Amino acid sequence: MKIDTRKILIKNTPSSGNRQHIPGFLQRKVTFRGLKLFGEMNTRNRFFNELSILLSSGMDLRFAFEVLIEDVGREADKKIYRVVYEAIKGGKSLHEALAQAGMFSVYDVQSVKIGEESGTLTKVVGELAGYYCRVVVQRKQIISALTYPTLVVATTFLSMLFMMRFVVPMFRDIFTRFQGELPSVTRFIVSISESFGLYTLIFIGILITLIGGCWLIRKEAAFRRIASGFIMRVPLAGRITGLIFRIRFCQTMNLLQSSDIKLLDSVVMIRNMIGFYPYEQALDKIKDDIIAGKSLADSMQQFSIFDRRLVSLTRVGEEVNKIGEVYEKLTAQYTQELETGIKSLNSILEPVLIIFVGGLVAFILVSMYLPIFQTGSMMM
């Protein structure tokens with residue numbers, strides 16, 4: 001008998017006011033198929049959203065995957081669903097099947113494993129659905145905030161290339177007719193223009209070398225320590241990065257504590273799931289402190305990645321034995337702060353870049369016209 005899966009999904013989809021949080025098949029967000037970054041995140045978003053709806057309807061896991069495979073539109077997604085489905089049919093658990101598929105992160109696999117072991121799989125899948133919905137929205141906000149600066153930088157480079165290769169040489173030919181000494185700033189711009197092509201090639205070569213070198217050593221502990229430390233010190237970008245991983249920490253802790261996982265085991269699991277060097281090092285020390293008898297809050301206050309609010313509310317949660325609820329509220333608060341931070345990034349970058357580009361172009365033009373102004377004043 002063929003099941004009308006569309007009715008099931010529409011029935012269990014929230015009202016229009018909440019659809020942006022748990023979109024169903026008919027509310028899919030636009031994907032950027034050419035970008036692997038968006039492709040993977042959107043695939044995970046759709047997968048957990050739809051699986052959450054089906055499991056909440058009381059469907060068996062195998063039957064839920066049969067429905068997913070039947071209704072999925074993209075062939076690439078269908079292939080992933082089939083890999084997971086075949087692994088489940090072969091006797092593997094869902095988290096083992098997800099690991100075998102290769103598309104899902106350690107965070108996904110470990111979260112599902114927790115849900116299976118604690119009997120809260122439907123809740124965990126729902127949490128992952130909400131998490132990836134927020135991630136997709138946040139990444140689109142970040143890309144939107146960086147699109148304008150990227151266009152400005154690209155336009156600036158093209159303008160510089162045109163001015164250095166065509167405009168400045170034209171002025172240089174005019175200046176050769178003058179016998180007088182050129183201003184130092186003009187000589188500086190002319191000298192740069194003469195070797196601008198070489199400087200551009202050197203810059204591109206250095207950039208490619210740096211990117212390639214960073215990619216090769218990206219998993220080395222020393223590189224991860226230096227890179228994460230640098231990112232955290234960058235104004236505004238460091239704050240946004242800190243909020244992203246603070247949200248992940250709080251959400252995972254809420255998930256684990258709500259599933260009645262012991263605090264020490266929760267810390268160990270989060271350490272393996274978080275994927276950010278400062279947190280990994282901090283959680284290693286926190287684990288040792290908890291074994292030695294320290295409270296979670298007392299251990300967390302040693303590290304700057306945990307702000308005062310997080311430490312204070314963690315202490316309150318420990319005292320009243322409601323850590324899960326505390327971290328759930330903190331996740332919502334930090335998510336709101338992250339959205340505000342992304343908007344601030346856009347509002348700050350735009351005027352800064354306009355001032356920078358305007359100043360750079362004005363500097364070149366003034367340096368080119370300065371000899372003409374001086375010659376005109378000498379003739380008066």
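Over which residues does pLDDT stay under 50? In this model, that is residues 1-37. The model still has 53 contacts beyond four places in sequence for that stretch. Keep in mind that what we are looking at is a predicted model. Across the chain, pLDDT averages 80, and 87% of the residues score at least 70.

Now the overall picture. The chain has 16 helices and 0 strands. It runs to 380 residues, of which 39% are buried. If you take the contacts with a separation of 6 or more, 63% of them are between residues 24 or more positions apart.

I will go through two helix pairs and three single residues. Two packed helices are described by the angle between their axes and the distance between the axes.

The pair α3 and α4 comes up here. Helix α3 covers residues 61-71 and helix α4 covers residues 75-89. Their axes come within 10 Å and cross at roughly 160°. That angle makes α3 roughly antiparallel to α4. The crossing is left-handed. On the α3 side, the residues involved are Leu61, Arg62, Phe65, Glu66, Leu68, Ile69 and Glu70. On the α4 side, they meet Lys78, Tyr81, Arg82, Val84, Tyr85, Ile88 and Lys89. Sorted by class, this contact holds 8 nonpolar residues, 6 charged residues and no polar ones.

Staying in this region, look at Thr43, which sits in helix α2, residues 36-56. Is Thr43 buried or exposed? Thr43 counts as buried, because its relative accessibility is 2%, and the cut-off for buried is under 20%. Which residues does Thr43 contact, leaving aside neighbours within four places in sequence? They are Arg74, Asp77, Ile80, Tyr81 and Met103. Tyr81 is also one of the α4 residues that α3 meets. As for Asp77, it is 34 residues from Thr43 along the chain, and the two C-alpha atoms are separated by 6.7 Å.

Next, the pair α6 and α7. Helix α6 is residues 106-118, and helix α7 is residues 121-175. Here the axes come within 7 Å, with a crossing of roughly 155°. These two helices are therefore roughly antiparallel to each other. The crossing of α6 and α7 is right-handed. From α6, the contact is made by Tyr107, Asp108, Ser111, Val112, Gly115 and Glu116. From α7, Leu121, Val124, Leu128, Tyr131 and Tyr132 take part. The residues of this contact divide into 7 nonpolar, 2 polar and 2 charged.

One residue of that contact deserves its own slide: Gly115, in helix α6. Gly115 has a relative accessible area of 0%, so Gly115 is buried. Setting aside neighbours within four places in sequence, Gly115 is in contact with Thr120, Leu121 and Val124. Leu121 and Val124 are among the α7 residues I just listed. There is also a pair to point out at longer range in sequence: Gly115 and Leu255 are 140 residues apart in sequence, and their C-alpha atoms are 8.9 Å apart in space.

The last residue is Ser367. Where is Ser367 found? Ser367 is in helix α16, which spans residues 323-379. With a relative accessible area of 2%, Ser367 is buried. Not counting residues up to four places away in sequence, Ser367 touches Val185, Thr186 and Ile189.

To finish, back to confidence: residues 1-37 have pLDDT under 50, while the chain average is 80.

Note on methods:
Residues numbered from 1 in each chain as written. Predicted model: local features only at pLDDT ≥ 70, side-chain atom pairs only at ≥ 80, totals over all residues. Heavy atoms only, no water. Axes fitted to C-alpha atoms, helices over the stretch in contact; angles between N-to-C directions. Helix = DSSP H or I, 4+ residues; strand = E, 2+ residues; numbered from the N terminus. Parallel < 35°, antiparallel > 145°, perpendicular 65-115°, else oblique. Left-handed = near helix turned anticlockwise from the far one by under 90°. Contact = heavy atoms within 4.5 Å. Nonpolar A, V, L, I, M, F, W, Y, C, P; charged D, E, K, R; others polar. pLDDT = per-residue confidence, 0-100. Buried < 20%, exposed > 50% of the residue type's maximum accessible area, 1.4 Å probe, protein only.
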